[in-house]
Amino acid sequence: MTSPVVLITGALTGIGRATALAFAREGARLVVSGRRDDAGEALAAELRGLGAEAEFIRADVRNEDEVRDLVDRTVARFGRLDAAVNNAGTEGQPGPVVEQTAESYAATFDTNVLGTLLGMKHALRVMLAQGHGSIVNVSSVLGRIGAPGASVYTASKHAVEGLTKSAALEVAGTGVRINAVAPGPIETGMLNRFVGNEENKAGLLAGIPAGRAGTADEIAQTIVFLASAKAPFLTGQSVAVDGGRLAA
């Protein structure tokens, strides 16, 4: 399908921003979403500068009314929805289990898990009626393994993996596919906030067989592939892009 219509949440920084740029270079028509108007409008203008049709729509993925409106406005603008990337996420409050609170749990799960659930729910409302579509959820290698000091974030990404697989089975055979990408350490602001300092970062990257952090564009290229017609038989999967971390 030429000029697919793509909706990306959490699009203003990091992986989301790189994904928007990658889709724009492929000729997609884009709606990018986030919670900062100035950054969102600047990104939309940058995408249009690349020749893409693009629009910014502000939305908080924790709010169902806003997610419903985001999807509806995307369809009103472009007439359909071919791909949805549920990328909005937070690292939450790193630290041991004994320091976690109900508030830190809710803040992380509301964005990472509820936001993904609502994004899928309302994208599916459109895609099932169309008879086609692709959803890509952004998980993490920590959706597969544990990590000391990251219990709540890790639990949230395990939940994203479960949501992805279960929803994919629900819609298998309808023309709609649902997959996840599971990044390893990626050179983003979130990684730097999470590790706290360069010494911790070096220690983390020492466990990556490839010997480095990944780039946001490397994840973006995987998302573009998963969303595309080049992967018609690929559904219910979580693709690790991690420099060999899970193979070690």
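Helix α8 is the element that gives the most to the lining of the second largest pocket, contributing 4 residues. Please bear in mind that this is a predicted model. Two strands, β5 (133–138) and β6 (176–183), join α8 (216–227) as the elements that give two or more residues to that lining. The pocket has a volume of about 600 Å³, and 28 residues line it. Those that lie nearest its centre are R177, A227, S228, A229 and K230. By class, the lining comprises 14 nonpolar, 10 polar and 4 charged residues.

I turn now to strand β2, residues 29–34. How many of the residues of β2 are buried? The count is 6 of 6, so that the strand is described as mostly covered. In a regular strand, side chains alternate between the two faces of the sheet. In β2, R29, V31 and S33 are on one side, with L30, V32 and G34 on the other, and all of these are buried.

Which strands pair with β2? One is strand β1, residues 5–8, which pairs with β2 in the parallel sense over 4 bridges. Within this pairing, V6 stands opposite L30 in β2. Between β1 and β2 the chain passes through helix α1, residues 14–25, in a right-handed β-α-β crossover.

Another is strand β3, residues 54–58, which runs parallel to β2 and is joined to β2 by 5 bridges. Here L30 stands opposite A54 in β3. From β2 the chain continues through helix α2, residues 37–49, to β3, and this β-α-β crossover is also right-handed.

L30 therefore offers a useful point of orientation on the screen: V6 stands opposite L30, and L30 stands opposite A54.

How values were computed:
Residues numbered from 1 in each chain as written. Predicted model: local features only at pLDDT ≥ 70, side-chain atom pairs only at ≥ 80, totals over all residues. Heavy atoms only, no water. Buried < 20%, exposed > 50% of the residue type's maximum accessible area, 1.4 Å probe, protein only. Pairing = 2+ DSSP bridges. Right-handed = clockwise from strand over helix to strand, strands pointing away. 1 Å grid on protein atoms, 1.4 Å probe; cavity = no way out; pocket = protein on both sides within 12 Å on 5 of 7 lines; lining within 4 Å. Points joined across faces, edges and corners; volume = space filled by probe spheres on them. Nonpolar A, V, L, I, M, F, W, Y, C, P; charged D, E, K, R; others polar.
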